[in-house]
Amino acid sequence: MKKGPVKGTLLFLLMVLVPFFLSIYYVNILSEILILSVFAVSLNILVGQTGLVSLGHAAFFGAGAYATGLAALKFSTNIFITIGIGLIFALLLALIIGLLSTKAHGFYFLMLTLACSQIFYSIVYQWTNVTGGSNGLSGIAPVDVFGGLRLSNQVFVYYFILVVIAILLFILSRFLHSPLGAVFIGIKENEERMKSIGYNTALYKNISFLIAGTIGGLAGGLYVIFNGFISPNDVYWTASGSVLIMVLIGGVGTLWGPVIGAAFIVILETIISSYTENWMMIIGAAFILFVIFAPNGIVGIFNNLKSTLFKRQKLEHETLKMIQMKQETKMDG
Amino acid sequence: MSALLLQLMNGLSYGVLLFIITSGITIVFGILGVLNLAHGSLYVLGSYIGYSLIMEAGLPFWVALMAVPILIAIIGLVLEIVMLRPTYKLGHLSQVLLTFGLAYIFHDIFSMMWGKNILVVNPPEALNVSVEIAGNAIPAYRLALIVIGIVMAVLLWYTQEKTKWGAVIRAGLSDKEMVGGLGVNIHFVFTCVFFLGSLMAGLGGVLGSPILGVFPGMEFQILILSLVVLVVGGLGSVTGTFIASLLVGFVETFSRYFVPELSLIITFALMALVLVARPQGLTGRRVA
Amino acid sequence: MKNFKRNGSILILLVLLLSACSSGAINTSTSKEKTKGKTNDNSPIKIGALLPSTGVYASLGENLLNGMNLYFEEQNFEVAGKKIEIIHEDTEADPQVALRKLRKLTDQDQIDILTGPVSTAVAYAIRDEVDSKKLPFLDSHAGGNDLTRAKRSNYIYRSSFSSWQIGHSMGEWAYKNIGKKIYVTAADYAFGHEVAEAFKEAYTKAGGQIAGEVYPPLGNNDYSSYLGKMNQKGIDGIYAFYAGSDAVRFVQQYDQYGLKGKIPLIGSGWLTAEDTRPQQGTSPEGIKASIFWDYSLDTPENKAFVQAYEKKYNKRPSIESAEGYDAAMILAEAIKKLDGDVSDPNKLVETISSIEINSPRGPIKFDKETHNVIQNLYIVETGIVNGKTENKVIDTIPQVVDPGK
């Protein structure tokens, strides 16, 4: 049996058993980490695989969250319907923003995604009748999974999120090695060459954007189920910056990198902010250190350690989970 | 009619302030290729130091106006030597991220040194009056700002177009390697440009503080505005940045006057429009 | 395959062992009621303070905490024989962070009572969790109307104010004392709109006419365009709701653009608060505002409070300092009434509901139905004394009750 799925299944088992020996406080932190992991993983499809550095990803999170929240408040308490509506909205938004943005490259793409996301933020903030404005949407009650099973307990919510992310990661790991995934990587490595081979890179960039945006919306929907609340704060550009930091610190282009990055940032923020008010400085310093010394993120550090410790062992199974990426993106030149 | 005139003056003074602030980030990005996300922080640092000099130490405004930009420029210099030069080989994206981490660090340093309240800097006594123009009372300081801004723009334009130094910078914008090949010490040019950019940030900090105040978190607001102007104006020319600053200044002022609920959206819509229709900005050249 | 089976079973065995001896979430989460197992032992009473210490509301959070600490220090941090412990967590005025911190306070620190927050968005975000966990919550600042209206809960009491109380009190007063036609402006966020709405409602009901309204974005730095709009002929005054840095800039620019002295400016107390006036120079002169506490209130309770605060912190108390002090006083009185036994949340909130005190802001008590505070609102006017601006109470509107819907 290949080592990759083995490790994954063991990890899944471990996570299933966590609520048995950790208090609800830590289970909730884990739920948050998992939700933000979904968010970070979705951004990674854009940044890590297709090489499109976006600073507007919070818009999709927001679209999914607000749509799910409104659906839960007004139409239905079935979780699949509410999250489904969230996904549809995120998809539509990704379609619009994607069509506008993918024409641009590098710095301009970055700015355009920022601008689009800020426009969405402003609409959410101003449209008080629908979105609750600066006070946000609150009072979103627990939802049902099937008929009678209500997610009223935080532990049930944790399990639901765990199952979702397990399925997601499984699909994505297959996707990384599919022909479509390879096209994305090709575009990141050298878009001109892909074009000359005959690929319609604009189309593929749009598809990548759609996928990333929809999964980002999924994260938003899960967030609303977990917290029962969403506010414009979570759609502001600093939220986009935060998830970008997660992807970069964790290890851009890898499957587990964003997950580790999300865990790292949440733990850092939660623990450090209990001890000092100056946690921003610490995150900034950590970020700088990573950029200089560990450009491939935590996953990169892990890989380097492995290869120096087990120099002779062929790290074949690593290719199942990770594909090394160069740091260059469209911002050079 | 007089209301419109007032809005025109407001838009002009706001736009000119934007120009002074943004010119710094534009030249650094144009020449070094580094998007300095700590530029807002340098502006705020200028405001804070200006505050300490003017309000706490009681020094005259013009002293701060002379001293602070140079101070900030030196700090910028140190940053360039310590952080940016050793990391050129890492690529532009990494350097952008570095400046972002730096902004976070600066944020907490500001809170530690100057506290969390909003601070206000008083304009020089002579200018702390209102002038009557066509039935409107306009603060004299804003008029002075318009004059200073135009002077700075002319100075910068002259330097860029008419001096040898400007020629080197213009050439460096087009083709860095070639300039290096011609025997100009390109690293020295880079350092000077960063020095100049930080100087402008500091100058903006002192000039802007009587109007905008100083408070934690302000650096990110300034940063976003600078990015809007940067995008609209395009890279590499003083004229472009000037026109863009005025344009953004007017659009913001008038949209706030006529449709305040939509003013936020309109500014970013302008940015998006320019990016889609003319990505290199109004007068800039294409950056890959 | 063998490895997998072996590793898997070892893991499961380990976990079963661990869960047998520790309190996992599964064990404790099946029971809905949180039995804290607090008997009459000598464990301290834990008060959670969910307040921002970073971000745009940091100074308000700081002042609230100062007020609370001052009161409890005066009691030596001991009430009815039990020690008082305040556990403060930073919300950063971000609802997501606040929820995280709330969970820490309830699940890890096991607080008995919650107080804070500054931001209404945070209050709304934590409302459901507070209610389902039956956590007694004394809101010491966030003024969103809904918290004691549609979103009210058995466990939520508010000792600070509702936006309605602030705006409404000035609305009635303005018609009688300022004039018949007023322009309304406020910062474009929920708080600003709520206060402005309440003002308009009361003012028009009394017979007044609203000349127009404009809502600049929150955090706006340049009010020149809006001031241009407001500077009309034939209006008797301008009602403005701004707070913090917005208040500083608005009042300054009101002066700079020549409206001061021409058109009377009225608003809420945050326009001329103790922590904004120092930055405004002489610009606030002549402003009349409605607020529930002022530095200049001439009562023995307030004089004692101000003296103690200035001695301890070397600066003047702000509105939020008074709010923190009052909240602490209310909690202490409730604890005293219960003889230190806070184990039953239902009894605790019932006791809080019955508390009536003479606080630095005057007599306050709770509305039994809405759980909002019933208090005096004062009209204060800013003047110049010895070259500096000072507020002075010129009118009192006694015992204002929020309508509750």
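Which residues in α4(C) do Ile24(A), Tyr25(A), Asn28(A) and Glu32(A) in α2(A) meet? Keep that in mind while you set up the view.

This is a predicted model, in which local features need pLDDT of at least 70, side-chain atom pairs count only at pLDDT 80 or more, and totals for chains, interfaces and linings use all residues. Residues are numbered from 1 along each chain as its sequence is written, while chains are lettered from A and ligands numbered from 1 in the order in which they are written.

**Stop 1: α2(A) and α4(C).** Select residues 95–108 of chain C, helix α4. Helices are DSSP runs of H or I with at least four residues, strands are E runs of at least two, and both are numbered from the N terminus. The four residues of α2(A) meet Arg100(C), Arg103(C), Lys104(C), Asp107(C) and Gln108(C). Contact means C-beta atoms, placed from the backbone, within 7 Å. The axes of α2(A) and α4(C) lie 9 Å apart, at an angle of about 160 degrees. That makes the two helices roughly antiparallel (over 145 degrees).

**Stop 2: Phe39(A).** Stay in α2 of chain A, residues 24–49, and pick Phe39(A). Phe39(A) is buried because 30 C-beta neighbours lie inside 10 Å; the cut-off is 20 or more within 10 Å. Now show Phe61(A), Gly216(A), Ala219(A) and Val243(A), which Phe39(A) touches, leaving aside residues up to four places away in sequence. Add Val259(A): 220 residues along the chain from Phe39(A), with 9.1 Å between their C-alpha atoms.

**Stop 3: chains B and C.** Here 23 residues of chain B contact 24 residues of chain C. Select α1(B): five residues, the largest share of chain B's side, come from there.

Methods
Buried ≥ 20, exposed ≤ 12 C-beta atoms within 10 Å, placed from the backbone. Contact = placed C-beta atoms within 7 Å. Axes fitted to C-alpha atoms, helices over the stretch in contact; angles between N-to-C directions. Parallel < 35°, antiparallel > 145°, perpendicular 65-115°, else oblique.
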